[in-house]
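Here's a walk through one protein chain, starting from a single strand and working outwards. Keep the viewer open as you read.

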Amino acid sequence: MSKSIKLNLALQGGGSHGAYTWGVLDRLLEEEDIEIEAISGTSAGAMNAAVLANGYMQNGRAGAKNLLETFWYEVSLLGLVSPFQQTPFEQYGNSWNLDWSLSYSYFDLISRLISPYQLNPLNLNPLRWVLDKVLDKSLLNACSSMKLFISATQVRSGQPRIFECGEITTDVLLASTCIPQIFQAVEIDGEPYWDGGFMGNPVIWPLVYRTNISDVLLVQINPIFRDGTPKHASDIINRLNEITFNSSLIGEMRAINFVSKLIRENRLDSNKYKDVRMHMIAADPEVHGLNASSKLNTSWAFFQYLCSMGRDRAEVWIRENKHHIGKKSSVDIREIFLGGVKSTSPQQKKNPKTEAA
């Protein structure tokens, strides 16, 4: 039997695009020698983290895989009665966007004019029904198999709040996914919270300071770099959200890179400071090419499409980088997160055909 290698996971949010992360996790769980020590998750990443941990507590790796599939299937069932449906034109064109959906366009407009306190006075959130149906909270908070760190943003202070084992409830998970234009702030112990992505998408530092593992695998959904200048209002807002939700991650990557550099130069004591080894599975260009409206597409076919891509990308990462775990980083932090202006995206830069063109 091969020796197990330990890994921490950091899972980004991104609405329905979180089904891509489901595919990554589904493939990782098949690697018997990879042991997940802890997971940090935000928004959809928090959902994936909680479901994975809960399923693992119920029946090991098989339980985690089954519960992840169950969760996303239950979400898709909610979509059957959702007003946000693709038009026949979009379905015919093999697009997963909802840009031509009249209900989506109307909601997109009205959510900029009316707050959820007036638009949804009963504060209904269908995700609550799914989480209460799928999760066993007593097992989730036992945390005997893996640690959980779920982030949300305190509305009053603007600071991140990290919820750990023993604190995780349905409200905590809903707080981590609370987009303020869509849902009322989630109150926990009298404190209002919004989506954790504003202050950490996802947060890395709990994995650094509250675990003994030095290897962190980031599953990134939101692109750091995007070609072109957005011209349409929805594209501008989408890019602003990507920049906002990535800003804290870039800051953490800068700090991790700086500390590692000082350790390598013997300017910091490696016994006192952790030299974090970063790894990353980034979403395919096809995912980055989807419009913001697709993040509200809850069709089962769309989830399966994203899951399949996530599995394929994880397969490639395992083949090319698994042997780096416990030895060195497999991602160039400076190139991806601190590189500044580029004439090409990271994906294009690695494509010889693109370079030749």
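## Starting from the inside

Strand β2 (residues 34-41) is largely enclosed by the rest of the structure, because seven of its eight residues are buried. Bear in mind that what you're looking at is a predicted model.

So what sits alongside this strand? On one hand there's strand β1 (residues 5-11), which runs parallel to β2 and is joined to it by seven bridges. If you want a spot to zoom in on, L7 stands opposite I36 in β2. On the other hand there's strand β3 (residues 147-154), also parallel to β2, with four bridges joining the two. Here the place to look is A38, which stands opposite K147 in β3.

Getting from β1 to β2 involves helix α1 (residues 18-28), and the three elements make a right-handed β-α-β unit. Is α1 buried or exposed? With 11 of its 11 residues buried, the helix is largely enclosed by the rest of the structure. That roll call takes in some charged residues too, with D26 and R27 among the buried ones, as well as Y20 and W22.

## Salt bridges around α1

Those charged residues have partners. Side chains of opposite charge can pair when their charged atoms come close. The structure holds 23 salt bridges, and here are three of them:

| Pair | N to O distance | Relative accessible area |
|---|---|---|
| R27 and E315 | 2.5 Å | R27 9%, E315 31% |
| K322 and E31 | 2.5 Å | K322 17%, E31 11% |
| E167 and R161 | 3.3 Å | E167 35%, R161 22% |

Take the R27 pair to begin with: the side chains of R27 and E315 meet in a salt bridge. This pair links distant parts of the chain, with R27 in helix α1 and E315 in helix α12 (residues 300-321), 288 residues apart. R27 is buried at 9%, while E315 counts as partly exposed at 31%.

Next up is the salt bridge between K322 and E31. K322 lies in the loop between α12 and α13 (333-337) and E31 in the loop between α1 and β2, so the pair ties together parts that are 291 residues apart in sequence. Both ends are tucked away: K322 counts as buried at 17%, and E31 counts as buried at 11%.

The pair of E167 and R161 has another setting. E167 is partly exposed at 35%, and R161 is partly exposed at 22%.

Which residues make up the network of salt bridges that includes R27? The linked set is D26, R27, E30, E31, D33, K65, R311, E315 and K322.

## Out on the surface

Now for something nonpolar. L109, L113, I114 and L119 form a nonpolar patch on the surface, and together they have about 370 Å² of accessible area. L113 sits in the loop between α4 (102-110) and α5 (116-119). At 65% relative accessibility, L113 counts as exposed, since the cut-off for that is over 50%.

## Zooming out

As for the whole chain, there are 15 helices and eight strands. Buried residues account for 50% of the 357 residues. The accessible surface comes to about 17300 Å², and 54% of that belongs to carbon and sulfur atoms. Among contacts between residues at least 6 apart in sequence, 75% join residues at least 24 apart. The R27 and E315 pair, at 288 residues apart, is a handy one to look up.

Technical notes:
Residues numbered from 1 in each chain as written. Predicted model: local features only at pLDDT ≥ 70, side-chain atom pairs only at ≥ 80, totals over all residues. Heavy atoms only, no water. Buried < 20%, exposed > 50% of the residue type's maximum accessible area, 1.4 Å probe, protein only. Contact = heavy atoms within 4.5 Å. Areas by Shrake-Rupley, 256 points an atom, 1.4 Å probe, with all protein chains shown as cover. Pairing = 2+ DSSP bridges. Right-handed = clockwise from strand over helix to strand, strands pointing away. Patch = residues over 30% accessible without salt bridge, like charges linked within 9 Å, V, L, I, M, F, W, Y side chains within 5 Å. Salt bridge = Lys/Arg side-chain N within 4 Å of Asp/Glu carboxyl O.
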